[in-house]
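I opened the model to look up a few local features and wrote them down as I went. The entries follow in the order in which I checked them.

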Amino acid sequence: MTTSTIAEIGGLMIIAAVTLQLLMGLRAMRARASERGRHGSAITEFSVEPAGRPETATTSNSVETVLWMGKRKFRIARRMYENESQDICSYYLVPLDERALPGFRPGQFLTFELPVHEQEHPAMRCYSLSESPTVDEYYRISVKRLPAPANAPENTPPGLSSGFFHDVALEGDIVETFAPTGQFCLDQGSNRPVVLIAGGVGLTPLLSMLNWLIDTRSEREIWLFYGVRNRSDHIMYDHLKRVRKECPNVNMYISYSQPTPNCRPRVDYNVHGHITVDLIQSVLGGDQYEFYLCGPAAMMNSIRSGLTEWGVPADDIRSEAFQAPAPSKQTSVADGTIETDEEPGAFEVKFSRSGRILRWNKGVDTLLELAESNGIKMPCSCRSGNCGTCLTRLTQGTVDYVHPPSKEHEDGSCLPCIARPKSDLVLDL
Ligand SMILES: Cc1cc2nc3c(=O)[nH]c(=O)nc-3n(C[C@H](O)[C@H](O)[C@H](O)COP(=O)(O)OP(=O)(O)OC[C@H]3O[C@@H](n4cnc5c(N)ncnc54)[C@H](O)[C@@H]3O)c2cc1C
Ligand code: FES
């Protein structure tokens, strides 16, 4: 072989290697681009402002998964309506300090402190993270605008915080939130079939679970039962349609309770009516499923009791309520003491800041209810021990809980929305 032939072969090999590298590079770029397509518009559109300092520092700025303490400022990088009626809007949040975002567990939520104009103090509200934790460029929440209830008296104001997000919070604005938290999470270590059951905006934590399962190429058998009124309320229609088409292990049942003539059976939805346990039973085989529920209270109650009757163990049914019903019982006030037939075991509850002393007995469900029915205001959001908004220092005494709180808290504090006295109490309120 002549020297020039060897040089030609060498040259050809170099060209082949470079071409191969280019092809591999293109492939990787295409994979990333299609991944971005799944998440909407490219994240490169986000321009992050110069680094600011968070109000409180992270416990460690080197470990990405460490959560921050206190509030942290986020810029709304993008807003996007998620349904035809435009009453559900997603907010893409990027940290103002430009530090890495800690991971979270699919199903967890953020707690915001929002400067609503209608009241002196900021409003604290929780919103579920609606995207998979595999997406680490932003946090996404999806907020439903809450009008005044249909049967409410005239002049009842619409929802404060949802109104703030829809009417006031614009792209570029800053909002403050505490770190992700919550116990309503997908069991990420399990391989069992998983059933996600959502009503209305209750889809948000389940979307995070669904997207995580898809992003991690889970081979678990996955079912999504999702109920809404009709096509105009259907959240993330295109995304769900794509998932149904492209993921063979995801089975989807969409039910419309009030389909309009524009709603196409078998194209937009499968079932006319509500999601029921009868429907779920009719399509699921076997009984080794993990169930995750989030939606209106009535739907969750009926599905939970139906599943229990079917024989599903309580540990396999996990649920989250966005809002527990407001207290219904009215208790009269007399000299700071509740007038009820006092039962043995009644306790004295002192609110140290106002000096009010109330008597609690078994006719009253929770400390929150006791306070509210006696005109004592207490910050609260979920009313179900999830969010920590009502966290109050307990300077004396011990409490019991109506059900175990999802929100962890230190000794010497309590969550009055689900707490009952076990002894006389002094609350720092
Ligand atoms: C863990 C968790 C996760 C959540 N995730 C989401 C989520 O992903 N997306 C989402 O949209 N929501 C979510 N929520 C619910 C959210 O936190 C808020 O509760 C919801 O947005 C309503 O808050 P608001 O301030 O808009 O309404 P509020 O101001 O709290 O009002 C609530 C309702 O009461 C009515 N009202 C006000 N005053 C009166 C009165 N005097 N008499 C009668 N009615 C009255 C209002 O009109 C409104 O309909 C979640 C809640 C929790 C606890
Ligand atoms: S109001 Fe949410 S924990 Fe009490």
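**Entry 1: aromatic pairs**

I began with Tyr253, which is partly exposed at 23% relative accessibility. This is a predicted model, so every entry here is a reading of a prediction.

I then looked for the ring that Tyr253 pairs with. Tyr253 and Trp223 form a stacked aromatic pair, with 6.4 Å from centre to centre and 25 degrees between the planes. The angle earns the label because planes under 30 degrees apart count as stacked. I noted that this pair links distant parts of the chain: Trp223 is in strand β8 (residues 222-228) and Tyr253 is in strand β9 (residues 250-256), 30 residues apart. Trp223 has a relative accessible area of 9%, so I put it down as buried. Tyr253 stays on the list as partly exposed because its 23% falls between the limits of 20% and 50%.

I asked how many aromatic pairs the structure holds. The number is 17. I took Phe104 and Tyr139 as a second case: their ring centres are 5.7 Å apart and their planes stand at 80 degrees, so I entered the pair as edge-to-face. Phe104 is in the loop between β2 (88-95) and β3 (109-114), while Tyr139 is in strand β5 (residues 139-144), and 35 residues separate the two. Phe104 is buried at a relative accessible area of 10%, and Tyr139 is buried at 2%.

I also found a cluster in which ring pairs link Tyr91, Phe112, Tyr127, Phe164 and Phe165.

**Entry 2: arginines over rings**

I checked for charges over rings and wrote down two. Arg72 lies over the face of Trp68, 4.9 Å from the ring centre. The charged end of Arg78 sits over the ring of Tyr92, at 4.9 Å from its centre.

**Entry 3: the core around Tyr226**

Which residues of the largest nonpolar core touch the most other members? I found Leu210 and Tyr226, out of 33 residues in that core. The elements that give two or more residues to the core are β7 (194-199), α3 (203-215), β8, α4, β9 and β11 (290-294). The largest share, eight residues, comes from α3.

I listed the contacts of Tyr226, leaving out residues up to four places away in sequence. Among them are Ala198, Leu203, His234, Leu240, Ile254 and Ile275. Tyr253, from the stacked pair above, is also one of the residues that Tyr226 touches.

**Entry 4: Gln108**

Is Gln108 buried or exposed? Gln108 is buried, with a relative accessible area of 10%, and lies in the loop between β2 and β3. I looked for a polar partner and found the backbone oxygen of Gly182, 3.0 Å from a polar atom of the Gln108 side chain. Apart from residues up to four places away in sequence, Gln108 touches Ser128, Leu129, Pro180, Thr181, Gly182, Phe184 and Cys185.

**Entry 5: positive phi**

I noted two residues with positive phi that are not glycine. Asn155 has phi near 70 degrees and lies in the loop between β5 and α2 (160-168). Met236 has phi of about 50 degrees and is placed in the loop between β8 and α4 (237-246). I then compared their accessibility: Asn155 is exposed at a relative accessible area of 74%, whereas Met236 counts as buried at 6%.

**Entry 6: ligand 1 and helix α2**

Which residues come nearest to ligand 1? Of the 25 residues around the ligand, I recorded Cys126, Tyr127, Pro157, Ser161 and Ser162.

I wrote down three polar distances for ligand 1:

- A nitrogen atom of the ligand is 2.9 Å from a polar backbone atom of Ser142.
- An oxygen atom of the ligand is 2.9 Å from a polar backbone atom of Pro147.
- An oxygen atom of the ligand is 2.8 Å from a polar side-chain atom of Thr204.

I ended with α2, where Ser161, Ser162, Gly163, Phe164, Phe165 and His166 are buried. I traced what these buried residues pack against and listed β1 (72-81), β2, β3, β4 (123-128), β5 and β6 (174-177).

Key:
Residues are numbered from 1 along each chain as its sequence is written. Chains are lettered from A and ligands numbered from 1 in the order in which they are written. Side-chain values use heavy atoms; hydrogens and water are left out. Rings of Phe, Tyr and Trp (its six-membered ring) pair if their centres lie within 6.5 Å; planes under 30 degrees apart count as stacked, over 60 as edge-to-face and the rest as tilted. Helices (H or I, at least four residues) and strands (E, at least two) are DSSP runs, numbered from the N terminus. Buried means under 20% relative accessible area, exposed over 50%, partly exposed in between (1.4 Å probe, protein chains only). A charge sits over a ring if NZ of Lys or CZ of Arg is within 6 Å of the ring centre and within 35 degrees of the ring normal. A polar contact is a pair of N or O atoms within 3.5 Å; within protein, one must be able to donate a hydrogen and the other to accept it, and residues adjacent in sequence count only if both atoms are side-chain atoms. Contact means heavy atoms within 4.5 Å. A nonpolar core is a set of buried Ala, Val, Leu, Ile, Met, Phe, Trp, Tyr and Cys residues joined through side-chain atoms within 4.5 Å. A residue is near a molecule or strand if one of its heavy atoms lies within 4 Å of it.
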